[in-house]
Amino acid sequence: MTITAHEFQRWSDAKIPGRSVREISQATGLKWTTLHQQIVRGKVSEATVVAIARAYEFSALEELSSFEQYTDLALGSKPPTNAELISQVHYLDILREILVRADELLPFMPGDLRAFPHTDSTRAWIDAIDPGDLRTAMATRLGVTTSTFSSRLKRTLPADIAIDVARYAGVSLASGLVVTGLLTEQEGGWPPEARLNALQAQSDSDLLSIATQKLAIQNRKYWGKTHDRNQAKEYWENLG
């Protein structure tokens, strides 16, 4: 879902009165043609609103909440759960934590975690918050098959779907916007160092269990790539 040009114009007139499209473009770094086309076509992306909020130092979360379809966004935001935080820790950072704990003789390794969203961010977040029927419920709401919804998780989710997922799972409504990259951790209300603290708070056994799950996912991905390469090779050999 996008924001209608009428809603956007009303919002921009109230927040940044008198600013032309070109001035907004210069302030945000957005291409003038992109912003102009969105307005002409009647559909303005949420990312455009976020970019404008950042440029003029407004709260991106609160500004999104000023639009009708997102009125409960700010009120429905709360700290992320530990499961959500861990879901956004890259598997290599988890392996590093295991190695550091296992061998005191290892050289010091910096504690900063890899940035996210990463390749598996959306799927990992869904897995972390799924009460058991989330994929089926969301597929039904969207009028698609469960497999079709699951395939979407390989890409980023639109803002409205990400919020619906969070709403259904009972977590912060801003979380989906954070894990899909629309909002930063700070903008979405994720405390500083929260992911690192959640990682370091895991027991050794829990950490190993998490690593096993994440490595199993990586293994399936690599197996799939190898399988695809082999099929392609066989195809070309048959043609030759």
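This text goes through a nonpolar core and two buried serines in a predicted model. Local features need pLDDT of at least 70 and side-chain atom pairs count only at pLDDT 80 or more, while totals for chains, interfaces and linings use all residues. Residues are numbered from 1 along each chain as its sequence is written, and side-chain values use heavy atoms, with hydrogens and water left out.

The largest nonpolar core holds 56 residues. Such a core is a set of buried Ala, Val, Leu, Ile, Met, Phe, Trp, Tyr and Cys residues joined through side-chain atoms within 4.5 Å; buried means under 20% relative accessible area, with a 1.4 Å probe and protein chains only. Phe 149, Val 165 and Leu 177 touch the most other members. Helix H11, residues 159-169, gives the most to this core, with six residues. Helices are DSSP runs of H or I, at least four residues long, numbered from the N terminus.

Leu 177 is in contact (heavy atoms within 4.5 Å) with Leu 64, Leu 73, Ala 159, Ala 162, Ile 163, Leu 182 and Leu 183, leaving out residues up to four places away in sequence.

Ser 121 lies in helix H8, residues 121-129, and is buried at a relative accessible area of 1%. Beyond four places in sequence, Ser 121 contacts Gln 88, Phe 116 and Val 179. The side chains of Ser 121 and Gln 88 are joined by a polar contact of 2.8 Å; the term denotes a pair of N or O atoms within 3.5 Å where, within protein, one must be able to donate a hydrogen and the other to accept it, and residues adjacent in sequence count only if both atoms are side-chain atoms.

Ser 25, in helix H2 (residues 21-28), is buried at 9% relative accessible area.

Note on methods: Buried means under 20% relative accessible area, exposed over 50%, partly exposed in between (1.4 Å probe, protein chains only). Helices (H or I, at least four residues) and strands (E, at least two) are DSSP runs, numbered from the N terminus.
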